[in-house]
Amino acid sequence: MRPMTSNAQFMTASPAAAGTDICIVGNGAVGKAAALGLAQAGLRVTLLAPPSSPSPSRPAPADEASWDVRVYALNHTARRLLSSVRVWEAMDAGRIAPVDNMTVQGDGASAQGGAGLLSFDAYGARTDALAWIVEDRNLDAALNAALRFAPNVKLVQGRATALSVSPEAATLTLASGESLSASLVVGADGGHSWVRGQCDIGLDYRAYGQRAIVTNFSCEKPHLGVAYQWFSPVEGVVALLPLPGNRVSLVWSAPDALAEQLLRLPLSELAQRLAVWAAPVLGALTPLQPEVVKAFPLALIKPHAMIAERVALIGDAAHVVHPMAGHGMNLGFADVAALIDTLAAREPQYDCGDSRVLRRYARARKEEVLLMQLATDGLNRIFSTDAEPLRMARNIGMNLINRLPVLKRRLIAHALGK
């Protein structure tokens with residue numbers, strides 16, 4: 001083990017290191033934020049990362065000329081959490097774009113006009129921004145920087161092969177044969193969570209038959225901080241999110257067959273396909289260099305529980321929703337905030353993995369997670385149907401909500417996480 005110095009508390013530890021309160025499995029943004037927040041709350045944390053993951057002590061240099069195609073629309077809950085662990089201010093502010101307005105258009109929305117319209121703005125919501133668009137690379141670098149100076153956090157690189165639980169502790173056995181013991185194991189290892197599988201937590205799974213295609217463009221006209229989203233029963237959900245300068249990030253949730261076609265197109269032709277929506281508001285789109293496009297399969301994953309004996313799930317390990325509302329990462333950060341609050345408020349006689357404490361965490365997250373699952377899945381079902389009566393009903397509904405300021409304020413307050 002490398003000895004700690006006064007300026008670097010985050011270290012790579014031997015797997016045999018014992019006496020930890022919490023072991024977090026998974027080193028994505030949600031897992032890293034959880035490690036920071038729980039350590040800040042005075043708990044001893046071990047972060048178990050895959051052997052192939054880069055060390056946070058040696059961040060990869062960013063290419064300042066390129067823009068990460070994986071971005072997140074972070075809400076106020078996410079910002080509060082990241083600020084509390086000193087990550088928000090550590091990000092490169094020049095690469096963060098506030099969302100000042102959101103415009104959602106339904107069937108028939110095109111250069112010839114739109115039938116359904118719903119818009120939200122920061123001024124009407126009485127806030128400084130509806131959300132902030134942050135690159136995955138920018139967020140990860142700031143999390144790594146914070147971890148390098150975090151007290152009570154140890155990094156173990158290894159692969160867990162078994163999880164056993166006793167009344168006193170949970171123990172992870174690693175591929176190396178060594179083990180990690182903790183009062184609580186936190187599964188932050190994604191939608192196909194190994195931790196969740198070890199707990200025999202059942203789940204409901206439904207593939208959407210869609211893929212999220214992501215890439216970046218420069219736009220001819222200024223986007224003015226507006227996030228655009230168009231719904232089409234044939235072509236899926238198209239979102240163009242503001243990036244700093246005259247740049248936008250595409251998230252196109254396209255049916256699988258269409259996604260295959262789009263992925264074979266040069267990005268210049270993909271930009272032309274987008275013109276039917278983008279041209280009236282953003283002008284011509286030009287691919288950013290270097291040309292990069294990625295695709296992610298979409299599914300609804302609803303585990304039957306967020307907790308098990310001495311185990312808590314957070315992030316995609318606890319829930320995976322359709323990205324149309326951009327709240328997958330926000331739900332994960334809200335899980336982290338709730339877990340920190342729950343553990344900090346526990347009675348002195350209860351350890352972190354006590355079942356009474358974990359049930360409080362599960363109750364604290366149940367309503368918000370269920371509402372987001374119902375909302376995103378319901379919207380996807382509604383807008384995937386091309387029947388004319390339903391087309392008319394959903395467009396009338398969008399226009400009606402757009403004319404009801406009280407309802408709009410309630411919807412946007414929930415989305416903001418305020």
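**Exercise 1.** Determine which residue is the bridge partner of Leu74 in β8, and place the two strands in their sheet.

*Solution.* In this predicted model, where local features need pLDDT of at least 70, side-chain atom pairs count only at pLDDT 80 or more and totals for chains, interfaces and linings use all residues, the partner of Leu74 in β8 is Trp132. Residues are numbered from 1 along each chain as its sequence is written, and side-chain values use heavy atoms, with hydrogens and water left out. Strands are DSSP runs of E with at least two residues, helices runs of H or I with at least four, numbered from the N terminus. Next, β4 and β8 pair in the antiparallel sense over four bridges, where pairing requires at least two DSSP bridges between two strands. Finally, the open, antiparallel sheet has three strands in the order β4-β8-β5, with β4 (71-74) and β5 as its edge strands.

**Exercise 2.** Describe the ring geometry of the aromatic pair formed by Trp88 and Trp132, and state whether each residue is buried or exposed.

*Solution.* Rings of Phe, Tyr and Trp (its six-membered ring) pair if their centres lie within 6.5 Å, with planes under 30 degrees apart counted as stacked, over 60 as edge-to-face and the rest as tilted. The structure holds three such pairs. Trp88 and Trp132 lie 5.6 Å apart centre to centre with 75° between the planes, which is edge-to-face. Trp88 belongs to the loop between α2 (76-84) and β5 (97-99), Trp132 to β8 (residues 131-135), 44 residues apart. Buried means under 20% relative accessible area, exposed over 50% and partly exposed in between (1.4 Å probe, protein chains only); Trp88, at 8%, is therefore buried, as is Trp132 at 6%.
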